[in-house]
Amino acid sequence: MSDSGDTPAAEQGSAAPGPVSVSPLLPVSPTEPAALTADQILYEDYHLLAVNKPAPLLTQAPPGVPNLEALAKAYIKAKYAKPGGVYLGVPHRLDRPVSGVVCFARNTKAAQRVHSQFEHHQVRKVYWALVEGEVTPDTGVCEDWLRKVPDEPRAERAKEGDPGAKLAMLEYRVVRRLGDRTLVELLPLTGRMHQLRVQMAWRGHPVLGDEMYGSTRPFGPVAEVPRDRVVALHARSLTITHPFTTHPLTWVAPLPAYWGDVEPA
């Protein structure tokens, strides 16, 4: 698939309105996903497409495996009657059980420029997580050394100097206290594997539904197959610099309906 550069004028600047209330996403059955809905399109123009990813859908996958990239390409192809293939650059990803903002680039130059922003930590990613227990104090910074477990899709605690050890840092803020649960806002300062999930778990506050890192409380729709389970982690907002206008862009993704009424009034 190539970047044809023949985007019709009708596509320019069709930014979706900002979210006002929680809206439902696709049913949690990603093995046979439906097309993207209008509510899931957060922004689109000549160069970018921002989407509210449902969980537990992969961001990217080989042909034949349901994934968000394929749905986004199908959306563009149908909306603009593209006769050939559709190009989409994928400058970042979300884990399968995580929902929220994902940005795609619609041409190669935009892809290169947006990827560079992620690579050089020039974007702002804000996550919301519903975690077990009462988080204290109200704000803080977490610093840990972690490393990927060889041949497994998970991370483990490490010490400085251990083979493969990397420093993980995040800032957190309590958004709302909900009895024996806490809604927290997480701002990653590094981009380590599963760092938000493991850093909260190591402090006694695993993300709801995250059995991999010690959660004992189910979350979201019931799913018999482990890969179809979701966790209470949501990429709430993403701020980047537009690759051509250089204006800042911030997209905010509504929470999935199965989170319930957790947002502050």
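Trp259 is buried, because its relative accessibility is only 3% (buried means under 20% relative accessible area, exposed over 50%, partly exposed in between, with a 1.4 Å probe and protein chains only). Before we go on: this is a predicted model, where local features need pLDDT of at least 70 and side-chain atom pairs count only at pLDDT 80 or more, while totals for chains, interfaces and linings use all residues. Residues are numbered from 1 along each chain as its sequence is written, and side-chain values use heavy atoms, with hydrogens and water left out.

So what does Trp259 pair with? Its ring meets Phe219, with centres 5.5 Å apart and planes at 85°, so the pair is edge-to-face. (Rings of Phe, Tyr and Trp, the last by its six-membered ring, pair if their centres lie within 6.5 Å; planes under 30 degrees apart count as stacked, over 60 as edge-to-face and the rest as tilted.) This one bridges distant parts of the chain, 40 residues apart: Phe219 is in the loop between α3 and β9, and Trp259 in the segment after β10. Helices (H or I, at least four residues) and strands (E, at least two) are DSSP runs, numbered from the N terminus.

Phe219 has another partner, too. Of the three aromatic pairs, one joins Phe219 to Tyr258, again edge-to-face, at 5.8 Å centre to centre and 75° between the planes. Phe219 is buried at 12%, whereas Tyr258 is partly exposed at 24%. Put together, ring pairs make a cluster of Phe219, Tyr258 and Trp259.

Rings also sit under charges here. Arg236 lies over the face of Trp128, 4.2 Å from the ring centre, and Arg113 does so over Phe244, at 4.6 Å. (The rule: NZ of Lys or CZ of Arg within 6 Å of the ring centre and within 35 degrees of the ring normal.)

Now for the salt bridges, of which there are 12 (a side-chain nitrogen of Lys or Arg within 4 Å of a carboxyl oxygen of Asp or Glu). Take Arg197 in helix α3: its partner Asp95 is in the loop between α1 and β3, 102 residues apart, with the closest N and O atoms 3.4 Å apart. Arg197 also meets Asp210, at 2.8 Å from N to O. Salt bridges that share partners thus tie Asp95, Arg197 and Asp210 into one network. Arg197 is buried at 5% and Asp210 at 2%, but Asp95 is partly exposed at 30%.

Elsewhere, Glu185 and Arg173 form a salt bridge at 3.2 Å, linking strand β8 to strand β7.
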